[in-house]
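Me: I've just opened this model and I'd like to get a feel for it piece by piece. Can you go through it with me?

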Amino acid sequence: MKIDFSINKKPVSVDVDPEMPLLWVVRDELQLKATKFGCGRAMCGACTLHVDGEVYRSCALPVQYAAGKEVTTLEGLSTETQIHPIQQAWIEEEVPQCGYCQPGFMMAAAKLIQEIPNPSDEDIKSNISNICRCGTHPRIIKAIKRAAAIQQASKI
Amino acid sequence: MSTKLLASALLITSLWVLGSHSLIAEQQAVPRVVPVGDKEKSLAAFQSILKVLKSPRCMNCHPSGDVPSQGDDQHLHRMGVSRGKADHGGLVQKCETCHHQENNLYANVPGAPHWGLAPRSMGWQGLSDLQLGKALVDKNKNGGRSPQDLVKHMGQDSLVLWAWNPGPGRTPPPVALPEFRAALNEWLNNGAHVPQ
């Protein structure tokens, strides 16, 4: 079945099973490899991306739900001229260890600072349930707060 | 002697009048009271309805607190899921982050239209059978529904009907859907009684 949507602001058309998880369309059909397969059960969050600005676990999202919509992966978070505050903070706080789960965390975090511009520790813990088995959570919290500050400074 | 006779006559008359009044009151009350047999039918049907309401498929998303349950063992929903302001999750993670219009057999994530929690006022977890019955027909605790509205909701709503098609690893309610619908009609048509 032919399905049209936009990915990182570029229109694409794929001819796949409409039940195919968006994760595999993004990775194998569109060759965008930032989004990761973790548990395949919508639990760990490694596959997190945005559809029309909302957070989704793409391992559990049939591609048919993306039809006509705007999908954003980590590759599309920044613009050509401007790195996203989350990416900048992640670099400055040297967050990743093995790095595998980080794209999912960053997509969830980008949505978080959009919704809560100055998040507390509790805001971060209660709104992001992604899992990092390296245990980078303390650095992730610091990075999200730094990203929120960068975002606020950029608006002044 | 005549005084005693008069007193006896008055007593007998009074008793007869009182008895007549009770009889009249009883006769007048009959049309306003649902016949005992019908009420029993309604209450018996309600017991079938109750079995469904207490099923994990219904109870898991009618939490009395802010966290839904999941699974047949009704453990608290993992991934830090909570009610949020609109009963559909938080600002980042919403119900639809993972749950869509139908069951997802790849990830085994259940899904149905308008997946979400029942409002806090409709929390059922922890209630006794008696409390649950009263809450069900209390418009302050059932979303303002009349008994007719309740029967429509429970017999036709797509999210409620998902309970009988819950996907692998999730047990449907112990009453089959046709029997449940029949019990709803039986309950409603006989006065929509709940145990008091």
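Me: Which residue of β2(A) stands opposite A:I7?

Reply: First, a heads-up: this is a predicted model, in which local features need a pLDDT (the predictor's confidence in each residue, from 0 to 100) of at least 70, side-chain atom pairs count only at pLDDT 80 or more, and totals for chains, interfaces and linings use all residues. Residues are numbered from 1 along each chain as its sequence is written, while chains are lettered from A and ligands numbered from 1 in the order in which they are written. Helices (H or I, at least four residues) and strands (E, at least two) are DSSP runs, numbered from the N terminus. With that settled, the residue of β2(A) opposite A:I7 is A:K10.

Me: How many bridges join β1(A) to β2(A)?

Reply: Two strands pair if DSSP finds at least two bridges between them. β1(A), residues 2-7, and β2(A) form a hairpin with two residues between them, and A:N8 in that turn has a positive phi of about 50°. One of the bridges puts A:S6 with A:P11. The two strands run antiparallel, and the number of bridges is six.

Me: And what is the bridge partner of A:I7 in β5(A)?

Reply: β1(A) also pairs with β5(A), in the parallel sense and over two bridges. For A:I7, the partner there is A:V71.

Me: Which strands stand at the edges of the sheet?

Reply: Start from the order: this is an open sheet of five strands, β2-β1-β5-β3-β4 in chain A, with mixed pairing. An edge strand has a single partner strand, so one side of it is left without a neighbour in the sheet, and that is the case for β2 and β4 of chain A.

Me: By how much are neighbouring strands of this sheet turned against each other on average?

Reply: Think of each strand as an axis, a line fitted to C-alpha atoms (for helices, over the stretch in contact), with angles running from 0 to 180 degrees between N-to-C directions. For this average, though, direction is ignored, and it comes to 40°.

Me: Which residues form the covered face of β1(A)?

Reply: β1(A) has two faces, and the uncovered one is A:K2, A:D4 and A:S6. That leaves the covered face: A:I3, A:F5 and A:I7.

Me: Which strand do the buried residues of α1(A) pack against?

Reply: Buried means that 20 or more other C-beta atoms, placed from the backbone, lie within 10 Å of the residue's own (exposed is 12 or fewer, partly exposed is in between). In α1(A), residues 22-29, that applies to A:L22, A:L23, A:V25 and A:V26. Contact means that C-beta atoms, placed from the backbone, lie within 7 Å. Those buried residues pack against β2 of chain A.

Me: Is A:L61 buried or exposed?

Reply: A:L61 lies in the loop between β4 and β5 of chain A. Its C-alpha atom is 5.7 Å from that of A:L22, although the two are 39 residues apart along the chain. Beyond four places in sequence, A:L61 touches A:P21, A:L22, A:Y56 and B:H100. It has 28 C-beta neighbours inside 10 Å, so A:L61 counts as buried.

Me: What is the radius of gyration of chain A?

Reply: Chain A has five helices and five strands. Its radius, taken over C-alpha atoms, is compared with the globule rule, 2.2 Å times the number of residues to the power 0.38. The rule gives 15 Å for 156 residues and chain A comes close to that, so it is as compact as a globular protein of that length, with a radius of gyration of 15 Å.

Me: Which elements of chain A give two or more residues to the side that touches chain B?

Reply: Across the interface, 23 residues of chain A are in contact with 17 of chain B. On chain A's side, 14 are nonpolar (Ala, Val, Leu, Ile, Met, Phe, Trp, Tyr, Cys and Pro), five charged (Asp, Glu, Lys and Arg) and four polar (the others, Gly among them). α3(A), residues 102-115, lies across β3 and β4 of chain A, at about 45° to β3(A). The elements you're after are β4, α3 and α4 of chain A.

Me: Over which residues of chain B does pLDDT stay under 50?

Reply: The mean pLDDT of chain B is 87, and 81% of its residues reach 70 or more. Where pLDDT is low, the predicted coordinates should not be read in detail. The stretch under 50, with zero contacts beyond four places in sequence, is residues 15-33.

Definitions and conventions:
Contact = placed C-beta atoms within 7 Å.
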